[in-house]
Amino acid sequence: MPARRRTEPAAGRAAVAAWLRGDAARADVTAAVRFTLEELADIAPGNAVEVRVPPAGAVQAVAGPRHTRGTPPNVVETDVETWLGLATGRLPWSEAVSAGRVRASGERSDLSGLLPLQAARERR
């Protein structure tokens with residue numbers, strides 16, 4: 001069952017576009033992060049990986065063993081700017097990880113095959 005959407009897709013795409021242009025207000029940035037996290041949960045449904053982008057949001061995604069208590073075994077955590085860079089394709093996964101901008105732990109935490117997100121990708 002796909003994750004429940006909280007961000008209207010049109011509003012989410014508009015927020016991502018504002019971030020890409022560099023003129024996003026704080027509310028737009030938060031909406032862009034939440035929209036892209038919801039997109040990730042849609043394309044990779046599951047509960048094996050917790051993706052955290054504090055303070056904007058978090059989501060569980062990727063098929064595999066369900067986590068229910070304590071710290072999840074598969075966690076990806078990053079800041080807002082790094083996450084949006086990954087989601088839009090402006091920042092490659094390998095570059096973000098090697099620069100220490102992403103903390104990824106667990107065998108299912110490599111999101112390189114899922115990013116950038118089609119709905120958020122920068123069009124050139």
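Colleague: Where is Gly-46 found?
Modeller: This is a predicted model. In it, one element before Gly-46 is a helix and one after is a strand, and Gly-46 is found in the loop between α2 and β1.

Colleague: Is Gly-46 buried, partly exposed or exposed?
Modeller: The relative accessibility of Gly-46 is 25%. Buried means under 20% and exposed means over 50%. Gly-46 therefore counts as partly exposed.

Colleague: What separates the C-alpha atoms of Gly-46 and Val-62?
Modeller: Gly-46 touches Gln-60, Ala-61, Val-62 and Ala-63, not counting residues up to four places away in sequence. Val-62 is 16 residues from Gly-46 along the chain, and their C-alpha atoms are separated by 4.5 Å.

Colleague: Are α1 and α2 parallel, antiparallel, perpendicular or oblique to each other?
Modeller: The axes of α1 (residues 9-21) and α2 (residues 26-43) come within 8 Å and cross at roughly 120 degrees. Roughly perpendicular covers 65 to 115 degrees, and roughly antiparallel begins over 145. The two helices are therefore oblique.

Colleague: How many residues of the contact of α1 with α2 are nonpolar?
Modeller: On the α1 side the contact holds Pro-9, Gly-12, Arg-13, Ala-15, Val-16, Ala-18 and Trp-19, and these meet Asp-28, Val-29, Ala-31, Ala-32, Phe-35 and Thr-36 in α2. Of the residues in this contact, two are polar, two are charged and nine are nonpolar.

Colleague: Why is α3 described as largely enclosed by the rest of the structure?
Modeller: Its covering includes α1, α2, β1, β3, α4 and β4. The residues beneath are Val-80, Thr-82, Trp-83, Leu-84, Gly-85, Leu-86, Ala-87 and Thr-88. Helix α3 is largely enclosed because, of its nine residues, the number buried is eight.

Colleague: Which residue caps the N-terminal end of α3?
Modeller: The cap is made by a side-chain oxygen that lies 3.1 Å from the backbone nitrogen of Glu-81. That oxygen belongs to Asp-79.

Colleague: Which residue just after α3 takes a positive phi?
Modeller: The phi in question is about 90 degrees. The residue that takes it is Gly-89.

Colleague: Is Asn-74 buried or exposed?
Modeller: Asn-74 lies in the loop between β2 and β3. Its contacts, leaving aside neighbours within four places in sequence, include Val-49, Glu-50, Gly-106 and Arg-108. With a relative accessible area of 7%, Asn-74 is buried.

Colleague: Which residue has its backbone oxygen 3.1 Å from a polar atom of the side chain of Asn-74?
Modeller: Among the residues in contact with Asn-74 are Ala-48, Ser-105 and Ser-109. The backbone oxygen at 3.1 Å from the side chain is that of Ala-48.

Terms used: Residues are numbered from 1 along each chain as its sequence is written. This is a predicted model: local features need pLDDT of at least 70, side-chain atom pairs count only at pLDDT 80 or more; totals for chains, interfaces and linings use all residues. Side-chain values use heavy atoms; hydrogens and water are left out. Axes are lines fitted to C-alpha atoms, for helices over the stretch in contact, and angles run from 0 to 180 degrees between N-to-C directions. Helices (H or I, at least four residues) and strands (E, at least two) are DSSP runs, numbered from the N terminus. Angles under 35 degrees count as roughly parallel, over 145 as roughly antiparallel, 65 to 115 as roughly perpendicular and the rest as oblique. Contact means heavy atoms within 4.5 Å. Ala, Val, Leu, Ile, Met, Phe, Trp, Tyr, Cys and Pro count as nonpolar, Asp, Glu, Lys and Arg as charged, and the others, Gly among them, as polar. Buried means under 20% relative accessible area, exposed over 50%, partly exposed in between (1.4 Å probe, protein chains only). A polar contact is a pair of N or O atoms within 3.5 Å; within protein, one must be able to donate a hydrogen and the other to accept it, and residues adjacent in sequence count only if both atoms are side-chain atoms.
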